[in-house]
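Please look over the sequence and the three-dimensional structure shown here before reading on. The paragraphs that follow lead through them step by step.

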Amino acid sequence: MDLVLQLLFTGIGIGSVYALVALGFVLIFRATNVVNFAQGEFSMVAAFFMVMFSVKLGLPYWLAFIVSLIGMGVLGAVFNLAVYYPLRHRTYLPVIISTIGASILLANATLAIHGPEPEVLSGWFDTPGFLVGPVYLDSQYLLIIAVTALLVVLQYWFFEHTLLGKKLQATSQDKEMAALLGIPVALMIMVTFVYSAVIGGLAGILVAPVLFVSIHMGATIALKAFAATIIGGFGDVTGAIIGGLALGIIETFGAAYVSVPYKDGFAFLVLVAFLVFRPQGIFGERVAEKA
Amino acid sequence: MPLLELKNLVVRYGEIEAVHGISIAVEPGEVVTLLGSNGAGKSTTLRAISGLVTPAAGDILFDGQSIAGLKPEEIVRRGIAHVPEGRRVFPGLSVKENIMLGASNRSGLSRRQIATEAEAMFDLFPDIRRFSGALGWTLSGGQQQMVAVARGLMAKPRLLLLDEPSLGLAPVIVQAVFAIIAEIRRRDTTVLLVEQNARMGLSVADRGYVLETGRLALSGTPDELWGNEEIRAAYLGGRTASAA
């Protein structure tokens, strides 16, 4: 039972990271009808920003954190203008290829600037963690869970209770109609890209102390997050969060009870099972009814 | 001076020319209907006015100023609201949110002011008041049409473009929709109404234009159009009325 609680904690922690990246997928997908294959690289680039500002330049951790997130906002804006905007009137295929290209570019630009060796980033807190009863609570995982929970609440409030949130939703549901009402569609999509880059970056910075910071971390996180969106039901915000958490938990339990080397395999086993037996995902039916 | 004037408007979709140079004028306070069968270019004309398609040639004057080629966001800010074919109610937003977003073209309004105005809109559309919190996709076609028109009116337009408001609705609902158009007319909003249902269109209009495959076939008052036997048989006959 103690082990179960411990695994649950770790699973929710890592699942929160997948959920954050999955949120980025879903928000951009809803705004542009295209999967952003560079979403994982946002996490990787942000982790390297953090290494640069905190480790190399020696800024205080909190300042490096803020500067990195601002950097991600700028990257999201540039990404929108360079990767999506010129192709916005095309079909989904050129845009997808464009995001794949951007993903390769971001990974290799980081490689060229930084070099191939992985970096270690310390966590936010000096205390590595503490015991609550039988369960060891790692401080970084606690931070990840807290930030994710806070962000989910904030995002819910933003989309449900602000006019800007409603305009973003309207844009994602029917761009032409949104434009007819005077909603600045291009600006709404810009906001979406900036926000998605920032939460993707946030996920990367938060998970970096748990993993190594390397140019490959983006691809791994993105694949898991992508699986999470499929499990949750593509295009559904709640689904992305549930899917991310579920995936983190499945993966952690699979590693503990079945096989550590095949840890990554469990995520994809679940993904394949969903694609075969419930391709619309857990929350898929609601989306289908909307369409 | 007409509120809206189309001068030799030409619209192309790629290679295909959908509107071959039509000229139309709408005076302030008028309700003008654009009639014609499927594919006559009626919707395309409205899409050009609201900026969804860019005219290939000719000009569109609103209040004497050219608006041809402007973005839809800019055109609605100048006072032309377009209620498009198929209602286009946002499926995942509530009725009230849909209506509130109609005010997106007006700046300097607080969320509270917009919410109050949206509430007031239910006085004009009492049938949808009880669906205020329901999501758009749960409504029937007639209810969605009410939401779409209410959303259009939230823009406080000087010119309202209505595209096929009766399409796919039961006759009793069509009557209700046209009662609302008559009410809008009493409030001095200028309306350009596209209809396949000529009988309904002419019943609320001051004047009508008949389009035939992208060209203007004729124009006149409802009585004149209704009185022309040949025209009545060709464009305004019972077939189109019953089809809608």
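Chain B has a mean pLDDT of 90, and 95% of its residues reach 70 or more. One stretch of chain B, residues 238-244, has a pLDDT below 50, and beyond near neighbours in sequence this stretch has 11 contacts in the model. These values belong to a predicted model, whose scores are ipTM 0.91 and pTM 0.85.

We can turn next to chain A, which has 12 helices and 2 strands. If you follow chain A along its sequence, these elements come in the pattern α-α-α-α-β-β-α-α-α-α-α-α-α-α. The radius of gyration of chain A is 19 Å, close to the 19 Å that the globule rule gives for 291 residues, and chain A is therefore as compact as a globular protein of that length. Taken along the principal axes, the C-alpha atoms of chain A fill a box of roughly 60 × 45 × 35 Å. Of the 291 residues of this chain, 48% count as buried. Among the contacts in chain A with a separation of 6 or more, 74% come from residues that are 24 or more positions apart.

The interior deserves a closer look. The largest nonpolar core has 152 residues, and those with the most contacts inside it include A:Val17, A:Val21, A:Phe25 and, from the other chain, B:Leu161. The element that gives the most to this core is helix α1 of chain A (residues 2-32), with 15 residues. For A:Val21, when residues up to four places away in sequence are not counted, the residues touched are A:Gln39, A:Gly40, A:Ser43, A:Gly200, A:Ala203, A:Ile221, A:Ala222 and A:Ala225.

How do the two chains meet? In the model, 20 residues of chain B are in contact with 17 residues of chain A. On the side of chain B that touches chain A, the helices α2 (72-77) and α3 (95-101) each supply at least two residues, and α2 of chain B gives the most, with 4 residues. The residues on this side of chain B divide into 9 nonpolar, 6 polar and 5 charged.

Three single residues of chain B complete the tour. B:Phe62 lies in strand β4 (residues 57-62) of chain B, and this residue counts as buried because it has 21 C-beta neighbours inside 10 Å, where 20 or more are required. Leaving aside neighbours within four places in sequence, B:Phe62 is in contact with B:Leu4, B:Ile67, B:Arg78 and B:Ile80. B:Phe62 and B:Ser37, on the other hand, are 25 residues apart in sequence and 26 Å apart in space, C-alpha to C-alpha.

The remaining two residues draw attention through their backbone angles. B:Asn8, found in strand β1 (residues 4-13) of chain B, has a positive phi of about 45° although it is not a glycine. Because B:Asn8 has 13 C-beta neighbours inside 10 Å, it counts as partly exposed. B:Arg87 is likewise a residue other than glycine with a positive phi, in this case near 70°, and it lies in the loop between β6 (80-83) and α3 of chain B. Is B:Arg87 buried or exposed? With 24 other C-beta atoms within 10 Å, B:Arg87 is buried.

Note on methods: Residues numbered from 1 in each chain as written. Chains lettered and ligands numbered in written order. Predicted model: local features only at pLDDT ≥ 70, side-chain atom pairs only at ≥ 80, totals over all residues. Core = buried A, V, L, I, M, F, W, Y, C linked by C-beta atoms within 7 Å. Buried ≥ 20, exposed ≤ 12 C-beta atoms within 10 Å, placed from the backbone. Contact = placed C-beta atoms within 7 Å. Nonpolar A, V, L, I, M, F, W, Y, C, P; charged D, E, K, R; others polar. pLDDT = per-residue confidence, 0-100. Rg over C-alpha atoms; globule rule 2.2 N^0.38 Å.
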